[in-house]
Amino acid sequence: NAIKKINFDFKNKKVFILGAGGVVPSIIYAAMKMGSTEIIISNRTKEKAEKIKNIFDHIKLINWGEVPNFD
């Protein structure tokens, strides 16, 4: 709802999420529902990010410290 209030359009956007904490699955789900084309995650502990990838297999994981192109 907060994203909708600022009128940000997720359609065809690349989303970069830094971290893999408890709220991240909700963020991924919302970004997918709003039409993002790619979701990229980086986390200090790769195992934690991989657990999220097990839920959302289409997301991309990158190493901590890497900065991808994103919107």
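When I say contact today, I mean heavy atoms within 4.5 Å. Keep that in your heads for a minute. And a quick reminder before we start: this is a predicted model, so please hear everything I say in that light.

Okay, let's begin with P25. This proline is found in helix α2, which covers residues 24-33. If we set aside its neighbours within four places in sequence, P25 is in contact with I52 and F56. There's also I55, which is 30 residues from P25 in sequence, yet the two C-alphas are 8.3 Å apart in space. So is P25 buried, exposed or partly exposed? It comes out as partly exposed, because its relative accessible area is 24% and buried means under 20%.

Right, on to the aromatics. How many aromatic pairs does the structure hold? Two. Take F8 and F10: their ring centres are 5.1 Å apart and the planes sit at 85°, so we call that one edge-to-face. Within that pair, F10 is buried at 12% relative accessibility, while F8 is partly exposed at 35%.

The other pair is F16 with F70. Here the ring centres are 5.2 Å apart, but the planes are at 50°, so this pair is tilted. Where do these two rings come from? F16 is in strand β1, residues 14-18, and F70 is in the segment after β3, so the pair ties together parts 54 residues apart in sequence. F16 counts as buried, at 18% relative accessibility, and F70 as partly exposed, at 43%.

Let me go back to F8 for a second, since it has some charged company. K13 lies over the face of that ring, 5.8 Å from the ring centre.

Now, charges. In general, side chains of opposite charge can pair when their charged atoms come close. In this model the count is one salt bridge. Which residues make it? That's E38 with K14, and their closest N and O atoms are 3.7 Å apart. E38 belongs to strand β2, residues 38-42, and K14 to strand β1, so the bridge ties together parts 24 residues apart in sequence. Both partners come out as partly exposed: E38 has a relative accessibility of 23%, and K14 has 34%.

So, to pull strand β1 together: F16 lies in that strand and pairs with a ring after β3, and K14, also in β1, pairs with E38 in β2. That's my bit, happy to take questions.

Terms used. Residues numbered from 1 in each chain as written. Predicted model: local features only at pLDDT ≥ 70, side-chain atom pairs only at ≥ 80, totals over all residues. Heavy atoms only, no water. Phe/Tyr/Trp six-rings, centres within 6.5 Å; stacked < 30°, edge-to-face > 60°. Buried < 20%, exposed > 50% of the residue type's maximum accessible area, 1.4 Å probe, protein only. Helix = DSSP H or I, 4+ residues; strand = E, 2+ residues; numbered from the N terminus. Lys NZ or Arg CZ within 6 Å of the ring centre and 35° of its normal. Salt bridge = Lys/Arg side-chain N within 4 Å of Asp/Glu carboxyl O.
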